[in-house]
Amino acid sequence: MMMRNERRKYPRIDLAGQVNLMVNGVVRTGSLTNLSPCGIQVEARHQLVEQIAQHKSDAGLYPDFELEFPLPDASRLQCRCTVSYCRRLSQDTYHLGLDFIALNPEDEQRLDSTLNQLAAA
């Protein structure tokens, strides 16, 4: 039996840019750190994490919210997402793993094309 160090289903591509998260009608910003076909990792400040956490369900689940983020061709994708993990890096800095819930077919195709181009580079 072979052991694999990589547990992720899809490879992650390092990418930078500002993301916008619409949480309860308010736009908050974070920094894109990497991207995969099924999600995105965002570096966020404590204030954003606290605001998202205020809207957790009784079962402790984070709310779904709107996300907008840049692609290298200067276009932006919009989608619904949910928090898959939240890791504290320092006093005021966190990494949020966000899973895509809904991407329209055109944006999904643009995302796949972008990831394929970046992976080949």
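Trainee: How many disulfides does the structure hold?

Mentor: The structure, which is a predicted model, holds zero disulfides. As a general idea, a disulfide is a covalent bond between the sulfur atoms of two cysteines. To read one from a model, look for a pair of cysteine sulfur atoms within 2.5 Å.

Trainee: How far away is the nearest cysteine sulfur from that of cysteine 81?

Mentor: The nearest one belongs to cysteine 79 and is 5.3 Å away, and cysteine 81 is in no disulfide. Cysteine 81 counts as buried because its relative accessibility is 0%.

Trainee: Why is cysteine 86 not bonded to the closest cysteine sulfur?

Mentor: The distance is 13 Å, to the sulfur of cysteine 81, and that is too far for a bond. Cysteine 86 has a relative accessible area of 27%, so it is partly exposed.

Trainee: Where is cysteine 79 found, by element?

Mentor: Cysteine 79 is found in strand E5. With a relative accessible area of 3%, it is buried. Residues distant in sequence can be compared by their C-alpha atoms: cysteine 79 and glutamate 68 are eleven residues apart along the chain, and their C-alpha atoms are separated by 6.6 Å.

Trainee: With which residues is cysteine 79 in contact, leaving aside its neighbours within four places in sequence?

Mentor: On one stretch of the chain they are Phe65, Glu66, Leu67 and Phe69, and further along they are Phe100, Ala102 and Leu103.

Trainee: Let us step back to the whole chain. How many helices and strands does the protein chain have?

Mentor: It has two helices and six strands. Read from the N terminus on, the elements run β-β-β-α-β-β-β-α. The radius of gyration is 15 Å, close to the 14 Å that the globule rule gives for 121 residues, so the chain is as compact as a globular protein of that length. A box of roughly 40 × 40 × 25 Å, taken along the principal axes, is filled by the C-alpha atoms.

Trainee: What percentage of the residues count as buried?

Mentor: Of the 121 residues, 38% count as buried. The cut-off is a relative accessible area under 20%, with exposed meaning over 50%. The accessible surface of the chain comes to about 7700 Å², and carbon and sulfur atoms make up 47% of it.

Trainee: What share of the contacts between residues at least 6 apart in sequence join residues at least 24 apart?

Mentor: The share is 50% in this protein chain.

Trainee: How far apart are the mean positions of the positive and negative charges?

Mentor: There are 13 positive and 15 negative charges, and their mean positions are 7 Å apart.

Trainee: Now the backbone. Which sign does phi have in asparagine 24, positive or negative?

Mentor: Phi is positive there, at about 55°, although asparagine 24 is not a glycine. This residue lies in the loop between strand E1 (13–23) and strand E2 (26–36). Asparagine 24 counts as exposed because its relative accessibility is 60%. Alanine 74 also has a positive phi, near 80°, and is a residue other than glycine. Its place is in the loop between strand E4 (65–70) and strand E5 (76–88). A relative accessible area of 69% makes alanine 74 exposed.

Trainee: Is asparagine 34 buried or exposed?

Mentor: Asparagine 34 is buried, with a relative accessible area of 8%. It sits in strand E2. Apart from neighbours within four places in sequence, asparagine 34 is in contact with residues including Arg12, Ile13, Asp14 and Leu15. Ile40 and Gln41 are also among those contacts.

Trainee: In which element is isoleucine 101?

Mentor: Isoleucine 101 lies in strand E6, residues 93–102. It counts as partly exposed at 44% relative accessibility. With sequence neighbours within four places left aside, isoleucine 101 is in contact with Asp64, Arg80, Cys81 and Thr82. Cysteine 81 thus returns here, as one of these contacts.

Trainee: Where is the place of threonine 114?

Mentor: Threonine 114 is in helix H2, residues 105–120. At 9% relative accessibility, it counts as buried. Outside its neighbours within four places in sequence, threonine 114 is in contact with Leu71 and Pro72.

Notes:
Residues are numbered from 1 along each chain as its sequence is written. This is a predicted model: local features need pLDDT of at least 70, side-chain atom pairs count only at pLDDT 80 or more; totals for chains, interfaces and linings use all residues. Side-chain values use heavy atoms; hydrogens and water are left out. Helices (H or I, at least four residues) and strands (E, at least two) are DSSP runs, numbered from the N terminus. The radius of gyration is taken over C-alpha atoms; the globule rule is 2.2 Å times the number of residues to the power 0.38. Buried means under 20% relative accessible area, exposed over 50%, partly exposed in between (1.4 Å probe, protein chains only). Contact means heavy atoms within 4.5 Å. Accessible areas come from the Shrake-Rupley method with a 1.4 Å probe; for residues, only the protein chains shown count as cover. Lys and Arg count as positive and Asp and Glu as negative; His and the chain ends are not counted. The place of a charge is taken as NZ of Lys, CZ of Arg, CG of Asp or CD of Glu.
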